[in-house]
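Please look over the sequence and the 3D structure shown here before reading on. The notes after them take up two topics, a pocket and a helix.

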Amino acid sequence: MMEKEIKEKKSNGSKIVIVILVILLLGACAYIAYDKLMVKEDNSKNEAVVENKKVKEENLDVNSRLIQSLYNKVSTGEQTKEEANCRFNYFYIDKDFYADKAEEEQKMELVGYMLNKKHLEYYENTNVIPAKIVNLNVDNKPTQYYYTKVYIEKLYKDIYGVNSKLDTSVVIHTDSYGVALYSYVEAINGYAEYSAEGGGTCGPEGSYATLTKAVKAGDEIKIFETVNRIAFGDDAEIDGIQYKDGQTISETNYIYTFKLDSDGMYSFVSRIKEG
C-alpha cells in the first residue's frame, strides 16, 4: 500500500514538472515571437523615417506660370539687365525675411507693392476722413480715393496664407519713397489714399534678378535667385571704385520658400541669403 502511494506521488510530481516545463516553453516561445514583432515594427518605423528624409525633389521651370506668379507677388520683378532699377526689392532692405517674424510694417510694404489702381474706389463724404494720418510725421492729405478692406485683406492672405491676420492699424507704403500712403478708416471700412512728400531719383546703380532654378519637395517650393547689381552711366563711382555703364558691381544669391496652404495655394515663408 505504501509502495503504491510512493509511485503515485512520483507520477504526480513528474506531471507537475512536465506542466511547468510546458508553461516555460510556451512563455519562451511567446517572448521570442513578441521580440521579433517589436524588432519588425522598429525596423518599419526606421524605414519610414529614412523614407521621409528622402523626399523626392522635382525641378520646375523658372519661366512657368506657377513660379513666375509666386515670385512676382513677393518681388518687384525685374528679371532683365534692361529692367535694372534702384528700387529693386526695396522692401527687403537686403536682409533675410521670415514672414512669421517680420514686422507688420515690412509685411505691408509687400502688400503696398501689389496694389492695383483699378481697384481704387471713390468716397464722397470727406468729413469722415482724418485730415492727416495719425502718428505719421509727413505732410499729407486725403485724395478721396481708397481701397476696400476686403481687397487689402485678400492681397494679404494671398501672400502670407489663408490663416494670416491683417492688422488695420499699420499704414501701407506703396514704394521706398512713400509717394503714396494708405491708412485704414473705419467709417469707409477701407484704406484711404493720402498724398505725401517723397520722391527722388535713382543713383548710379540698380539691380535685377536672374532666376537660376526652382525646386519642389513635398509641400514646399523653393525659388533660387541671383541678384545682379550693376552700374548706371559711364565712369560711375560706387564705394570708391569706378565702373562702366552696365558693369557688374556684385552678385548675391537668395532663396525664396513657399509652403502649400490649406486652401491649395502657396503662401510665402521666407527669402534668405544663400551661403
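Which strand gives the most to the lining of the largest pocket? Strand 12 does, with three residues. The model is a predicted one, in which local features need pLDDT of at least 70 and side-chain atom pairs count only at pLDDT 80 or more, while totals for chains, interfaces and linings use all residues. Residues are numbered from 1 along each chain as its sequence is written, and side-chain values use heavy atoms, with hydrogens and water left out.

**The largest pocket**

- A pocket is an open set of points on a 1 Å grid over the protein atoms alone, where a 1.4 Å probe fits and protein lies on both sides within 12 Å along at least five of seven lines.
- The volume of the largest pocket, meaning the space filled by probe spheres set on the points, is about 360 Å³.
- Its lining (residues with an atom within 4 Å of a point) is made up of 19 residues, and Phe88, Asn89, Asp94, Ser207 and Val227 are those nearest the centre.
- At least two lining residues come from each of strand 8 (205–217), strand 9 (220–231), strand 12 (248–260) and strand 13 (266–273), strands being DSSP runs of E with at least two residues.

**Helix 4**

- Helix 4 (residues 149–160) is a DSSP run of H or I with at least four residues, and its buried residues (under 20% relative accessible area, 1.4 Å probe, protein chains only) are Tyr151, Ile152, Leu155, Tyr156, Ile159 and Tyr160.
- Because these residues cover an arc of only 145° around the axis, judged by the directions from the axis to the C-beta atoms, they lie on the same side of helix 4.
- Val150 and Lys154, which are exposed (over 50%), sit on the face of helix 4 turned away from its buried side.
- After helix 4 comes Gly161, with a positive phi near 115°.
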